[in-house]
Amino acid sequence: MNYRHAFHAGNFADLVKHAALLQLLARLTRSPGSLTVIDTHAGRGLYDLQGAEARKSGEADAGIVRLMAAKDAPEPFSTLKAAVAQLNGGGELRRYPGSPWLIAEALRPADSYLACELRADEHAALRQALNDRPNVRALCADGYQVAAERTPASGRALVLIDPPFERADDYARTVETAAVVRDRNRDAVLLIWLPLKDLATFDGFLGDFEDGVDAPTLVAETRIRPLTDPMKMNGCALVLVGAPADFGGPLEAVCRWTAQTLGEDGEGRVYAL
């Protein structure tokens with residue numbers, strides 16, 4: 001694969017995904033009993049916002065830099081803002097945390113985390129970022145397969161599916177993996193991230209997901225511009241299975257603020273599938 005998240009770290013889609021992830025982890029770690037987290041496409045864990053990739057794209061400037069300076073960001077962003085500030089020592093924004101760093105920081109000693117990254121160079125950086133934590137493993141492996149085979153058959157689990165959607169089969173494998181995970185463990189929570197480019201592709205995915213995954217599902221859309229040019233990433237979506245009952249409100253606040261503040265004629269909405 002040629003995808004490099006370093007070009008996109010801290011962009012609007014990361015803000016939506018990571019704010020939702022941290023809100024979800026906060027709820028799951030408040031409950032008794034250990035939690036298993038599996039991350040299918042972990043990336044390198046930490047990103048240099050002063051690096052050549054980030055500076056070339058400018059996406060962090062239009063995303064996390066604006067969020068950190070905003071006075072009107074809704075409360076569900078507060079945990080992400082605190083995590084970014086902590087990582088940067090309260091000073092200049094030089095680094096941005098990927099999902100692995102955020103997950104590892106949020107988990108309790110009894111919880112466990114499997115972070116999967118198929119690229120050897122990204123996996124090496126991921127292992128360094130996670131710093132040999134005793135309850136964390138970074139695997140150089142196919143994350144879809146790991147989630148399908150290693151989601152615990154019982155107990156509490158969260159599976160994050162966040163592929164780059166560079167491969168033609170990413171949409172199909174996402175549906176297949178979600179179906180297997182829920183068949184293995186009916187209590188497993190799934191958080192799936194997708195790009196929004198054109199409506200036909202997204203509607204097709206949702207139709208396949210509804211047919212393949214028999215579970216109550218929440219969909220959150222963040223459209224930063226109308227879906228008129230399929231060559232652009234016009235937004236992002238989150239698909240959640242097993243989300244807490246009170247999760248829709250905070251999630252909608254995140255989507256709407258991001259779409260309306262960082263977008264052009266943007267809109268955010270949350271609905272049940």
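Begin by selecting strand β6, helix α8 (residues 170-184) and strand β7 in this predicted model; taken in that order, the three elements make a right-handed β-α-β unit. With the helix hidden for a moment, β6 and β7 (residues 189-196) can be followed side by side, since they pair in the parallel sense over four bridges. To find one of the contacts between the two strands, select Val-159, whose bridge partner in β7 is Leu-190.

Keep β6 (residues 156-161) in view and colour its residues by accessibility: the strand is mostly covered, with five of its six residues buried. Next add strand β1 (residues 35-39), which runs parallel to β6 and is joined to it by five bridges. Two residues of β1 are convenient markers here, because DSSP bridges define the pairing of strands: Thr-36 has Ala-157 as its bridge partner in β6, and Asp-39 has Leu-160.

Now widen the selection to the whole sheet, which is open, comprises eight strands in the order β5-β4-β1-β6-β7-β9-β8-β10, and shows mixed pairing. At its edges stand β5 (136-139) and β10 (267-272), each with a single partner strand, so that one side of each is left without a neighbour in the sheet. Ignoring direction, neighbouring strands of this sheet are turned against each other by 10° on average.

From the sheet, turn to the aromatic side chains, among which the structure holds five aromatic pairs. Select Phe-165 and Trp-193 together: their ring centres are 6.4 Å apart and their planes stand at 50°, so the pair is tilted. Because Phe-165 lies in the loop between β6 and α8 while Trp-193 lies in strand β7, this pair ties together parts that are 28 residues apart in sequence. Both Phe-165 and Trp-193 are buried. Adding Tyr-171, Phe-205 and Phe-209 to the selection brings up a cluster in which these residues are linked with Phe-165 and Trp-193 by ring pairs.

Stay on Trp-193 and show Lys-17 as well, for Lys-17 lies over the face of the Trp-193 ring, at 5.7 Å from the ring centre.

Finish with helix α1 (residues 12-28), selected from end to end. The helix has 17 residues and reaches 25 Å from its first C-alpha to its last, which is close to the 24 Å expected at 1.5 Å a residue. Colouring α1 by accessibility shows that this helix, too, is mostly covered, with 16 of its 17 residues buried.

Terms used
Residues are numbered from 1 along each chain as its sequence is written. This is a predicted model: local features need pLDDT of at least 70, side-chain atom pairs count only at pLDDT 80 or more; totals for chains, interfaces and linings use all residues. Side-chain values use heavy atoms; hydrogens and water are left out. Buried means under 20% relative accessible area, exposed over 50%, partly exposed in between (1.4 Å probe, protein chains only). A crossover is right-handed if, with the strands pointing away from the viewer, the path from the first strand over the helix to the second runs clockwise. The expected span of a helix is 1.5 Å times one less than its number of residues. Rings of Phe, Tyr and Trp (its six-membered ring) pair if their centres lie within 6.5 Å; planes under 30 degrees apart count as stacked, over 60 as edge-to-face and the rest as tilted. A charge sits over a ring if NZ of Lys or CZ of Arg is within 6 Å of the ring centre and within 35 degrees of the ring normal. Axes are lines fitted to C-alpha atoms, for helices over the stretch in contact, and angles run from 0 to 180 degrees between N-to-C directions.
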